[in-house]
Amino acid sequence: MKKFVLQKEEPRKRPEDYSIPYAELLNQQQMDAVFHEKGPALVVAGAGTGKTRTLVHRVARLVESGINPSNILLLTFTRRAAKEMLRRASNILDERCKQVQGGTFHFYCSMLLHRYSDAIGYPSNFTIIDTADALEVIQFVRTQLNLHKKKKRFPNKNTLLNMISTSKNKHLDLRIVLLEEYPQFLEQEEKIIQVAEAYQEYKEKNFVMDFDDLLINTRDLLAKNDDIRIKIASRNEYVMVDEFQDTNKLQAELTELFSSVHGNIMAVGDDAQSIYSFRGADHQNIMDFPERFKGTKLIKLEENYRSTPQILQVANNLLKQANFKFDKELYSNNKEGELPALVQSSSEHDQSRFITQALLQLREQGKELNEMAVLFRNGRDSFDLEVELNRKNIPFVKYGGQKFTEAAHIKDVLAHVRVLVNPMDTIAWNRVLMLLDGIGPKTAQDLFEWIQLAKNPYQLDLSDTTSKSYIDQLKELSKLLVDIKENDRSVSKVIELIVNYYRDFCKDRYDDYPKRLKDLEAFVNVSESFLSLPKMLEELALDPITATAVDTEQKTKEEAPLILSTIHSAKGLEWKHVFIIQCLDGIIPSAYSVEDEEQLDEELRLLYVAATRAEEMLYFSYPVLAQSAYGDYFTQPSRFITEMNEELVEEWKLIEEEQQQQLDEGDQKQLPG
Ligand SMILES: Nc1ncnc2c1ncn2[C@@H]1O[C@H](COP(=O)(O)OP(=O)(O)OP(=O)(O)O)[C@@H](O)[C@H]1O
């Protein structure tokens, strides 16, 4: 008889066997999440309860336990978030954590689609179009269909893109979307469907994908090709998804596909912080998780470590105002602080003066500028403040405004890169050709038709156009493109060549060209970090550079700047002092939301996200008078803050210096004797 010796199973590592003292760094619920082994788990947590900290430690713990880092997948809302978490995990463990696969759903999908492009019938050099590009394509196909000059009201390009996107994301027939959400355009149904079809056709013919396509095509790739799904999902031994409350239905489906071999999926989220429904996010995803993933272990994080109890009282009050109730009550053992301030100013400008002076006072007391932030609902809400900050020489950066890469001059430069990467990209050719004097949409279209058939699409020596006014410029363009194509240069060198070529066009087109030329110089520097032109296009489409990144780079040598941010872009961040400005009805909640209970709740959650960013002190401010083209008018403070009594917030009154002096003098006069 043969003997087979069974080896003793390695006992599972206990917390004390690890080099990192997890138990000292985490509370029991966080430990449960970090040490969760196999199967699905859902971590539901309030603001500031340590979700990010938990994920960072879970990555470190898995790597430390011997899991190959490249078999871990961490999906986050922005790429910056993934990079930051992996950097933190590397700091507490070691560099191995940087090899964890991390990024957004779109980023991961794009990577898979490039790898398996054959299976979906695309070439691997397909390009990704961002929302601004997609709108241009819609405009283009609309013009081609001759629908741009209709007498009857026809939806604009934004509305058209929203309709198409909703129908794709929610898997609904476009007719149903019109019926349910845009009944005012039902009469134009046939024409709208024509636009949608032409848009789809354009993308397929030009080898481009929009953001929705990245998710949909990946879902189809994995759903239809079991061999590919098994290969990918086998690699994903552990999958983690952050900010699950802001995922859409498709992303929930993808989560299931990505983890469909090992089933080790952990989703982390806070239903009260769901603020992206306008992009199709569905906070029901969190509630449905246990249904989708049978045997889910539910872990709740409830202790807030970020804020003072006073700030949390205000946050809890906001949640209580919701129509859709949350069974959530944040608490904290942090030390007591002051009551949050409710600051009324006479005008927006006085509000800016207050913020600026309060910031300067705090700086004098030893606080760093980057420990403070000013938050607002819309990018434009900070314009007045920006002027005042500049006047007082306070350095700041702004998150969430227009993206650097969305600015027209950067898009012009990128259009050149796009035609180099994908010569079938009509919109990019249009942009490049229409820079030249004498070329309008019609000529650009004719030239593009020639380019499509040409042996070398960059050799633009069109003999039959020699008489045309633009021929010399066309030759210049051709020289640039052929030269770049034929020589192997670094990405930044290529961008430098394009910028040199483009500089004169920029001067001719834009009155504010000095600022734009500076941006172009900065762009050459930024492009140094990319490995290839296709990679650069992919990364910029999926993770656009914010103006901030460029500004910060330029300002690194100076004092770390103050942060101005839209509330949406403040997600996941924290500061010691947080000022929320323009807390007005019509702004937060926005005018569009007041008629709709669900929308109103989302606005409330936005204010909740803003308030829970503060560690030590929170200020709500609003002006009582607003200016408009038609004259000044009285405002209404946000209905969400008028609900709060003096036990929750303290009213602050702004008094002008002279007024105070008069009061003091008045006091003195009354002094006896
Ligand atoms: N167990 C803990 N001990 C001490 N500090 C902690 C602990 N857990 C979290 N913190 C601290 O609390 C703060 C909030 O944590 P973190 O940013 O991870 O929370 P979050 O749940 O991701 O927040 P949000 O969703 O509101 O952005 C951080 O400063 C973090 O270092």
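Strand S6 (residues 238-241) is covered on both faces: Tyr238 and Met240 are buried on one side, Val239 and Val241 on the other. Here a residue is called buried if 20 or more other C-beta atoms lie within 10 Å of its own, exposed if 12 or fewer, and partly exposed in between, with C-beta atoms placed from the backbone. The model you are looking at is predicted, so to speak of a local feature takes a pLDDT of at least 70, side-chain atom pairs count only at pLDDT 80 or more, and totals for chains, interfaces and linings use all residues. Residues are numbered from 1 along each chain as its sequence is written. Helices (H or I, at least four residues) and strands (E, at least two) are DSSP runs, numbered from the N terminus.

## The sheet around S6

Where does S6 belong? It is part of an open sheet of 6 strands in the order S3-S2-S6-S7-S1-S8, with parallel pairing. Strand S3 (101-103) and strand S8 (297-301) are the edges, each pairing on one side only. From one strand to the next, the twist averages 10°. Helix H4 (residues 79-92) packs on this sheet and touches S2 and S3, with its direction at about 140° to that of S3. Helix H14 (residues 284-292) lies across S1, S7 and S8, and runs at about 150° to S1. For these angles, axes are lines fitted to C-alpha atoms, for helices over the stretch in contact, and values run from 0 to 180 degrees between N-to-C directions.

Strands of a sheet pair through backbone hydrogen bonds, either parallel or antiparallel. Two strands count as paired if DSSP finds at least two bridges between them. Here are some of the pairs in this model.

| Strand pair | Bridges and sense | Facing residues |
|---|---|---|
| S2 (residues 72-75) and S6 | 4 bridges, parallel | Leu75 opposite Val241 in S6 |
| S6 and S7 (residues 265-269) | 3 bridges, parallel | Met240 with Met266 in S7 |
| S1 and S7 | 4 bridges, parallel | Leu42 opposite Ala267 in S7 |
| S9 (residues 341-345) and S17 | 4 bridges, parallel | Ala341 opposite Glu650 in S17 |

## The sheet with S9 and S17

The last pair in the table takes us to another open sheet, in which 7 strands follow the order S11-S12-S10-S13-S14-S9-S17 with parallel pairing. Its edge strands are S11 (396-399) and S17 (650-653), each pairing on one side only. Neighbouring strands of this sheet are turned by 25° against each other on average, direction ignored.

Just ahead of S11, Lys392 sits in the loop between helix H17 (383-391) and that strand. Is Lys392 buried or exposed? It counts as partly exposed, because it has 13 C-beta neighbours inside 10 Å. Not counting residues up to four places away in sequence, Lys392 touches Thr356 and Leu360, where contact means C-beta atoms, placed from the backbone, within 7 Å. The C-alpha atoms of Lys392 and Gln357 are 9.2 Å apart, although 35 residues separate the two along the chain.

## Around the ligand

Now to the ligand. The shell around it holds 18 residues, of which Ala47, Gly50, Lys51, Thr52 and Tyr305 come nearest; a residue is near if its C-beta atom, placed from the backbone, lies within 6 Å. By class, the shell has 4 nonpolar, 9 polar and 5 charged residues. In this scheme Ala, Val, Leu, Ile, Met, Phe, Trp, Tyr, Cys and Pro are nonpolar, Asp, Glu, Lys and Arg are charged, and the others, Gly among them, are polar. Helix H3 gives the most to the shell, with 3 residues.

An unreviewed UniProt entry places a "binding site" at Ala45, Gly46, Ala47, Gly48, Thr49, Gly50, Lys51 and Thr52. Such positions are given in the numbering used here, feature names are shortened, and annotations may be inferred rather than shown by experiment.

Two of these residues deserve a visit. Ala47 lies in the loop between strand S1 (41-45) and helix H3 (51-64). It is buried because 23 other C-beta atoms lie within 10 Å. Leaving aside neighbours within four places in sequence, its contacts are Asp270, Gln273, Asn304, Ala315, Leu330 and Thr612. Thr52 is in helix H3 and is buried too, with 20 other C-beta atoms within 10 Å. Beyond four places in sequence, Thr52 touches Met85 and Gly572.

## A helix with a covered side

Lastly, which residues of helix H24 (residues 533-542) are buried? They are Met536, Leu537, Glu538, Leu540, Ala541 and Leu542. Their cover includes helix H5 (105-115), strand S4 (127-128), helix H18 (408-421) and helix H22 (491-509).

Notes
Two residues are in contact if their C-beta atoms, placed from the backbone, lie within 7 Å.
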